[in-house]
Amino acid sequence: MSDKDSSTAKSYLDSTLAAGQSALGSITGSSGDKSEAAARKDQAAAESEASHTVGKLGPFSVSPSGGVSKDDPSRSEGSWNQTLGSAKESLGGLVGSEQLKKEGERQNAEGKGQEAEGQLRDFGSGVQERLKGAVGGAFAGLTGDREKEEEMRIKHDDAKTKQRSAEADIAKAADA
């Protein structure tokens, strides 16, 4: 699936067209329209999934479109503080030290706050930079500046990767 095929907007459009085609097939009794609608619906679901897929390696994220982003440092620092805090909690419980256990709980909570702050910063800057890339690319396309258009596409894709990475981590934290 190419970058152009993994757009969230395209997946919504294809899903809507599939629903219309399915309705038409039901009205006319055309099994061909119904099967084409089912295939289009499946394609829309795959497009949406691809648009939201992000691979992570440490603080770096990469998307199927080739976008790359680095997490806000608060995300890594927060994760590290959570790990240390949990270890202190466990050790404090194991050796019977209430002070160490409480310190671990405090550090774990502080880490969760740091990580959430970094996720929100990445999400916000991702949305902002993605919009700048989309608008800049559209303007460059209208003026015929292909070099600038490509530069803006890369900016858009990198920002989309940052946004999707933050979304994935926020959703993971909410599910925990």
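## A tour from one salt bridge outward

Start by selecting Arg75 and Asp169: the two form a salt bridge, with their closest N and O atoms 2.3 Å apart. Arg75 sits in helix H3 and Asp169 in helix H5, so this pair ties together parts that are 94 residues apart in sequence. Keep in mind as you look around that this is a predicted model. Side chains of opposite charge can pair when their charged atoms come close. If you would like to hunt for other pairs, a search of the whole structure finds 15 salt bridges.

**Next stop: H3 against H4**

Now color helix H3, residues 73–95, and helix H4, residues 98–143. How far apart are their axes, and at what angle do the two helices pack? The axes are 7 Å apart, and the angle is about 165°. With angles over 145 degrees counted as roughly antiparallel, that makes H3 roughly antiparallel to H4. Turn the view to look through one helix at the other and you will find that the crossing of H3 and H4 is left-handed. Show the side chains where H3 meets H4: the contact residues comprise three nonpolar, 16 polar and 13 charged.

**Then: H4 against H5**

Leave H4 on and add helix H5, residues 146–175. The axes of H4 and H5 come within 7 Å and cross at roughly 155°, which makes H4 roughly antiparallel to H5. Is this crossing left-handed or right-handed? H4 passes H5 in a left-handed crossing. Coloring the contact of H4 with H5 by residue class gives nine nonpolar, nine polar and 13 charged residues.

**Last stop: a pocket**

Rolling a probe the size of a water molecule over the atoms shows where empty space is left. For the second largest pocket, select Gln82, Lys112, Glu115, Ala116, Gln119, Asp169, Lys172, Ala173 and Ala176, which line it. You have already met one of them: Asp169, the salt-bridge partner of Arg75. The volume of this pocket is about 210 Å³.

Which elements give two or more residues to the lining? They are H4 and H5, and the largest share, four residues, comes from H4. By class, the lining divides into three nonpolar, two polar and four charged residues. Among the charged ones in your selection are Lys112, Glu115 and Lys172, while Ala116, Ala173 and Ala176 are nonpolar.

To finish, show H3, H4 and H5 together and bring back Arg75 and Asp169, the pair that joins H3 to H5.

Definitions and conventions
Residues are numbered from 1 along each chain as its sequence is written. This is a predicted model: local features need pLDDT of at least 70, side-chain atom pairs count only at pLDDT 80 or more; totals for chains, interfaces and linings use all residues. Side-chain values use heavy atoms; hydrogens and water are left out. Axes are lines fitted to C-alpha atoms, for helices over the stretch in contact, and angles run from 0 to 180 degrees between N-to-C directions. Angles under 35 degrees count as roughly parallel, over 145 as roughly antiparallel, 65 to 115 as roughly perpendicular and the rest as oblique. A crossing is left-handed if the near helix is turned anticlockwise from the far one by less than a right angle, and right-handed if clockwise. On a 1 Å grid over the protein atoms alone, a cavity is a set of points where a 1.4 Å probe fits but cannot get out, and a pocket is an open set with protein on both sides within 12 Å along at least five of seven lines; lining residues have an atom within 4 Å of a point. Grid points are joined across faces, edges and corners, and a volume is the space filled by probe spheres set on the points. A salt bridge is a side-chain nitrogen of Lys or Arg within 4 Å of a carboxyl oxygen of Asp or Glu.
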